[in-house]
Amino acid sequence: MPRLNVQADVRARLAHALASVEVRVSVPDPRPATLVVVTREGGHRLNALQDRAGVGILMWAPTEAEACALAERVGDLMAALPFSGGYELVEEETMRSDPDPDTRGPRWYASYTITTHRPQEA
């Protein structure tokens, strides 16, 4: 059984839970007013069954208050990633306001270290 693709799985779970928000792996042009971008930012395989992924999430919204609320919602969803889905440990490393460097518009950033597992093959 292949190991969990954390970046793709987190994107899919967030897209499902945040049905009215576009969730992508990169920023489209033009960028929607409300957007979540999920990328893998490193990590390493611990052994044949476990992976420790670094995941970064950027969140844009029309106002700082909306961006903050979106970040809090994403944080709650990340904390609830299920063990049964392969998530052993989800550690939030940082969550902060991070104005877009191009527009200076509201944006938040969160980073996570996520330890995942896969079932042992018979």
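Where is the place of Glu-91? I looked this up before anything else, working throughout on a predicted model, and I found Glu-91 in strand β4.

**Entry 1: the negative patch**

I next asked what Glu-91 belongs to on the surface, and I noted a patch of negative charge in which Glu-91 gathers with Glu-72, Asp-76, Glu-92 and Glu-93. Two elements, α2 (64-79) and β4 (87-97), each give two or more residues to this negative patch. I recorded β4 as the source of the largest share, with 3 residues. For Glu-91 I read a relative accessibility of 33%, so I entered Glu-91 as partly exposed, since that class lies between the 20% limit for buried and the 50% limit for exposed.

**Entry 2: Asp-9 and its partners**

I turned to helix α1 (residues 6-17), where Asp-9 has its place. Is Asp-9 buried or exposed? Its relative accessible area is 19%, and because buried means under 20%, I wrote Asp-9 down as buried.

I then followed the side chain of Asp-9 to its contacts. One of them is a polar contact of 2.4 Å that joins the side chains of Asp-9 and Tyr-87. Another is a salt bridge in which the side chain of Asp-9 meets that of Arg-13, at 2.7 Å from N to O. Both Arg-13 and Asp-9 lie in helix α1, and I noted that they are 4 residues apart, which is about one turn of the helix. Arg-13 has a relative accessibility of 31% and therefore goes into my notes as partly exposed, whereas Asp-9 at 19% is on the buried side of the limit.

**Entry 3: the other salt bridges I checked**

How many salt bridges does the structure hold? I have 4 on record for the structure. As a reminder to myself, side chains of opposite charge can pair when their charged atoms come close.

In one of these bridges Asp-51 pairs with Arg-40, and the closest N and O atoms are 2.8 Å apart. This pair links distant parts of the chain, with Asp-51 in strand β3 (residues 50-60) and Arg-40 in strand β2 (residues 35-45), 11 residues apart. I looked up the accessibility of each partner separately: Asp-51 is at 1% and so counts as buried, while Arg-40 has a relative accessible area of 31% and is therefore partly exposed.

A further salt bridge is formed by Asp-98 with Arg-107, where the closest N and O atoms are 2.5 Å apart. Here I noted that Asp-98 is buried and that Arg-107 is buried as well.

**Entry 4: strands β2 and β3**

I went back to strand β3 for Leu-58, which lies there. With 21% relative accessibility Leu-58 counts as partly exposed, because only values under 20% are called buried. I then looked up the distance between the C-alpha atoms of Leu-58 and Val-36, and I wrote down 5.7 Å for two residues that are 22 residues apart along the chain.

In strand β2 I picked out Gly-43. Gly-43 shows 53% relative accessibility, so I listed Gly-43 as exposed, the limit being over 50%. From Gly-43 to Gly-54 I noted 5.0 Å, C-alpha to C-alpha, across a sequence separation of 11 residues.

**Entry 5: backbone features in the loops**

Before looking at the loops I reminded myself that most residues other than glycine have a negative phi, and that most peptide bonds are trans. Which residues does a cis peptide bond join? I found this bond between Asp-29 and Pro-30, with an omega of about 5°. Pro-30 has its place in the loop between β1 (22-24) and β2.

I also flagged Arg-104, which has a positive phi of about 60° although it is not a glycine. The place of Arg-104 is in the loop between β4 and β5 (107-117). Its relative accessible area is 60%, so I entered Arg-104 as exposed.

**Entry 6: a buried residue in α2**

Last, I looked up Ala-67, which is found in helix α2. At 0% relative accessibility Ala-67 counts as buried. I set Ala-67 against Asp-29 and noted a separation of 38 residues in sequence and of 19 Å in space, C-alpha to C-alpha.

Note on methods:
Residues numbered from 1 in each chain as written. Predicted model: local features only at pLDDT ≥ 70, side-chain atom pairs only at ≥ 80, totals over all residues. Heavy atoms only, no water. Patch = residues over 30% accessible without salt bridge, like charges linked within 9 Å, V, L, I, M, F, W, Y side chains within 5 Å. Areas by Shrake-Rupley, 256 points an atom, 1.4 Å probe, with all protein chains shown as cover. Lys, Arg positive; Asp, Glu negative; His and termini not counted. Charge placed at Lys NZ, Arg CZ, Asp CG, Glu CD. Buried < 20%, exposed > 50% of the residue type's maximum accessible area, 1.4 Å probe, protein only. Polar contact = N/O pair within 3.5 Å; in protein donor to acceptor, adjacent residues only side chain to side chain.
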